[in-house]
Amino acid sequence: MATEKKSPNQELQEKLSVKKESAWLLLKDKVNDIYDFAEEYKQFIGKNKTERLCVRSMVEMLKQKNYKDIQTVSKLLKGDAVYKNIKGKSLIACKIGSDPTKIRIIGAHIDSPRLDLKPYPLYEDAEVALLKSHYYGGIKKYQWVNIPLAIHGVAFAKDGHCVEIHIGENHDEPRFIIPDLLPHLAKDQMKKTGENIIEGEELNILFAHIPIDDKEIKEKIKLNVLQYLYNTYGLVEEDFIAADIELVPAMQPVDIGIDRGLIAAYGQDDKACAYTAWKAIVDADNCKDTVIMYLADREEIGSMGDTGAESFVFIHFMREYIRKTGITATWDELLEGALSISADVTGALDPTFKNVNDPNNVSYLGHGVSIEKYGGRGGKYSTSEAHAEYMQFLRSLADKHKIPWQTGEQGKIDMGGGGTIAMFMSRYGMDCVDVGPCMLGMHSPYEVTSKVDIYCTYLIYKAFFED
Ligand code: MN
Ligand code: MN
């Protein structure tokens with residue numbers, strides 16, 4: 001069949017206009033790879049819902065790839081691979097390049113919005129025992145009621161021994177739940193604004209129900225719980241103070257859609273980027289520059305704290321790196337000259353809520369990895385902005401490796417917004433830009449991404465390390 005000849009203006013349009021196409025079509029020969037990648041990814045995020053679990057698994061996975069704890073190594077040579085475990089909640093992995101004075105960094109975060117327990121969480125009321133929680137990160141509180149929750153955490157007994165608590169991920173284990181008010185009696189509640197439909201102090205988690213059999217005891221269910229915790233873990237009520245205990249959605253990652261093109265899972269912000277960054281650093285071959293994966297904690301609450309990207313931990317790592325590689329540069333020189341990616345997710349255009357976005361300047365599910373010049377909020381506050389030169393560098397990197405990519409803004413101007421660790425990484429003077437997949441339902445208990453975008457994210461991280 002003869003192809004129709006294009007008119008001069010059609011040719012002109014093709015040459016001059018931006019093309020926006022589904023990455024599923026651009027990568028149609030790679031569909032099996034995309035699906036296989038998604039399965040491994042789902043396995044990882046289903047098993048590693050908290051920052052502690054994430055660090056532990058990552059360290060194990062790095063060790064299998066011959067990465068060594070940097071503390072156990074006195075000299076770093078080309079090709080060596082090391083990691084630094086930061087209090088079990090944040091992680092740096094590093095592979096020494098042939099030129100150790102050149103650094104490339106991909107920084108993601110491994111904390112996700114969730115419900116933490118208060119210092120004195122346990123109480124009894126209306127024939128049940130409950131746990132008071134304090135939410136962590138920017139959530140719509142009403143989304144966290146009526147869903148099965150799992151518990152993950154560590155606690156210390158008074159004698160100093162540490163116990164781990166994990167309940168609710170296996171099918172034969174119980175779950176926990178925050179029941180919402182029945183609609184029949186919600187007349188006053190339904191008049192409230194969304195922010196207050198469920199209040200912070202109403203995030204009370206059902207924990208137990210059966211009383212101890214003793215007429216003399218006042219809080220019989222609570223005592224039964226305390227007895228269980230003591231018998232099972234050796235913990236007493238006060239030990240909740242020396243604990244990090246988190247409630248997360250108990251659901252496992254699932255495919256969405258009859259074509260299985262999408263994934264719903266908890267914590268994809270930002271384990272989508274943490275997992276792909278890990279895969280990129282272990283798969284990257286023959287790196288000229290030293291490549292670093294940085295997985296930060298505390299991003300969802302502003303990156304503050306000793307395990308957050310605002311801390312000086314990264315500098316400490318660079319000092320150790322310099323000492324052990326024996327190079328003469330200082331850490332500030334190295335970091336100022338570094339190239340970096342702030343690996344984080346962004347919002348996709350939601351077909352039901354299109355009015356919050358400028359349709360020309362938003363990411364679309366399935367259009368490949370999003371490279372965002374800036375994030376923040378109205379007037380470009382609370383963000384760093386990649387300069388033209390660096391955008392050019394990344395765009396040509398993606399094009400050279402034929403990786404589908406797109407760009408956008410988080411939302412309409414003055415509609416809201418959000419930050420990433422880009423502003424903390426760029427403080428050193430390094431080039432930095434936000435790169436990651438877009439998603440629907442961000443910060444909800446079940447976030448939705450496209451499998452092809454996750455795959456493209458991996459491809460560009462790997463290309464960034466290898467190029
Ligand atoms: Mn994020
Ligand atoms: Mn977030």
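These legends go with close-up views of a predicted model.

**View 1. The manganese ion (ligand 1) and its protein donors.** Three residues hold this ion: His109 through NE2, Asp269 through OD, and Asp344 through OD, with Asp344 listed twice. The donor atoms sit 2.1 to 2.5 Å from the metal. Reading along the chain, the spacing is H-x159-D-x74-D. Asp269 belongs to helix H7 (residues 268-283), while Asp344 comes from the loop between strand S14 (339-342) and strand S15 (346-347), so the pair ties together parts that are 75 residues apart in sequence. Asp269 is buried at 4% relative accessible area, and Asp344 is buried too, at 7%.

**View 2. The manganese ion (ligand 2) and the residue it shares with ligand 1.** Here the protein donors are Asp269 (OD), Glu300 (OE, listed twice) and His443 (NE2), again lying 2.1 to 2.5 Å from the ion. Their spacing along the chain runs D-x30-E-x142-H. Asp269 sits in helix H7 and His443 in the loop between strand S21 (438-440) and strand S22 (447-450), so this pair ties together parts that are 174 residues apart in sequence. Both Asp269 and His443 are buried. And which residue coordinates both manganese ions? That's Asp269, with the two ions 3.4 Å apart.

**View 3. Cysteines without a partner.** If you're hunting for disulfides in this model, the count is 0. Take Cys54: the closest cysteine sulfur belongs to Cys273 and is 12 Å away, which is too far for a bond. Cys54 is buried, with a relative accessible area of 0%. Cys287 isn't in a disulfide either, as the nearest cysteine sulfur, that of Cys94, is 10 Å off. Cys287 also counts as buried, at 10% relative accessibility.

**View 4. The second largest pocket.** This pocket has a volume of about 700 Å³. Its lining is made up of 23 residues, and those nearest the centre are Val18, Lys19, Lys20, Trp405 and Gln406. Helix H10 (388-400) and strand S18 (405-406) are the elements that give two or more residues to this lining. The top contributor is H10, with 5 residues. By class, the lining of this pocket splits into 11 nonpolar, 6 polar and 6 charged residues.

**View 5. The largest cavity.** How many cavities of 30 Å³ or more does a search of the whole structure find? There are 2, and the largest has a volume of about 130 Å³. It is lined by 15 residues, with Ile165, Phe207, Leu229, Phe240 and Ile245 nearest its centre. Strand S7 (149-156), strand S8 (162-167) and helix H6 (220-233) each give two or more residues to the lining. H6 gives the most, with 3. The lining of the largest cavity has 14 nonpolar residues, no polar ones and 1 charged.

**View 6. The second largest cavity.** About 80 Å³ of space lies in here. Among the residues lining this cavity are Ile105, Tyr294, Ala309 and Ser311, along with Phe314, Phe424, Met425, Tyr428 and Met430. The class tally for this lining is 8 nonpolar, 1 polar and no charged residues.

**View 7. Phe44 and Tyr275, one of the aromatic pairs.** A search of the whole structure turns up 15 aromatic pairs. In this one, the ring centres of Phe44 and Tyr275 are 5.3 Å apart and the planes meet at 40 degrees, so the pair is tilted. Phe44 comes from helix H3 (residues 31-47) and Tyr275 from helix H7, so the pair ties together parts that are 231 residues apart in sequence. Phe44 is buried at 5% relative accessible area, and Tyr275 is buried at 3%. Ring pairs link Phe44 and Tyr275 into a cluster that also includes Phe37, Tyr41, Trp278, Tyr455 and Tyr458.

**View 8. Trp144 and Tyr266, an edge-to-face pair.** Centre to centre, these two rings are 6.3 Å apart, with 90 degrees between their planes. Trp144 is in the loop between strand S6 (128-136) and S7, and Tyr266 is in the loop between strand S12 (262-265) and H7, so the pair ties together parts that are 122 residues apart in sequence. Trp144 is buried, with a relative accessible area of 0%. Tyr266 also counts as buried, at 5% relative accessibility.

Conventions: Residues numbered from 1 in each chain as written. Chains lettered and ligands numbered in written order. Predicted model: local features only at pLDDT ≥ 70, side-chain atom pairs only at ≥ 80, totals over all residues. Heavy atoms only, no water. Donors = N, O, S within 2.8 Å, 3.2 Å for Na, K, Ca; no water. Helix = DSSP H or I, 4+ residues; strand = E, 2+ residues; numbered from the N terminus. Buried < 20%, exposed > 50% of the residue type's maximum accessible area, 1.4 Å probe, protein only. Disulfide = S-S within 2.5 Å. 1 Å grid on protein atoms, 1.4 Å probe; cavity = no way out; pocket = protein on both sides within 12 Å on 5 of 7 lines; lining within 4 Å. Points joined across faces, edges and corners; volume = space filled by probe spheres on them. Nonpolar A, V, L, I, M, F, W, Y, C, P; charged D, E, K, R; others polar. Phe/Tyr/Trp six-rings, centres within 6.5 Å; stacked < 30°, edge-to-face > 60°.
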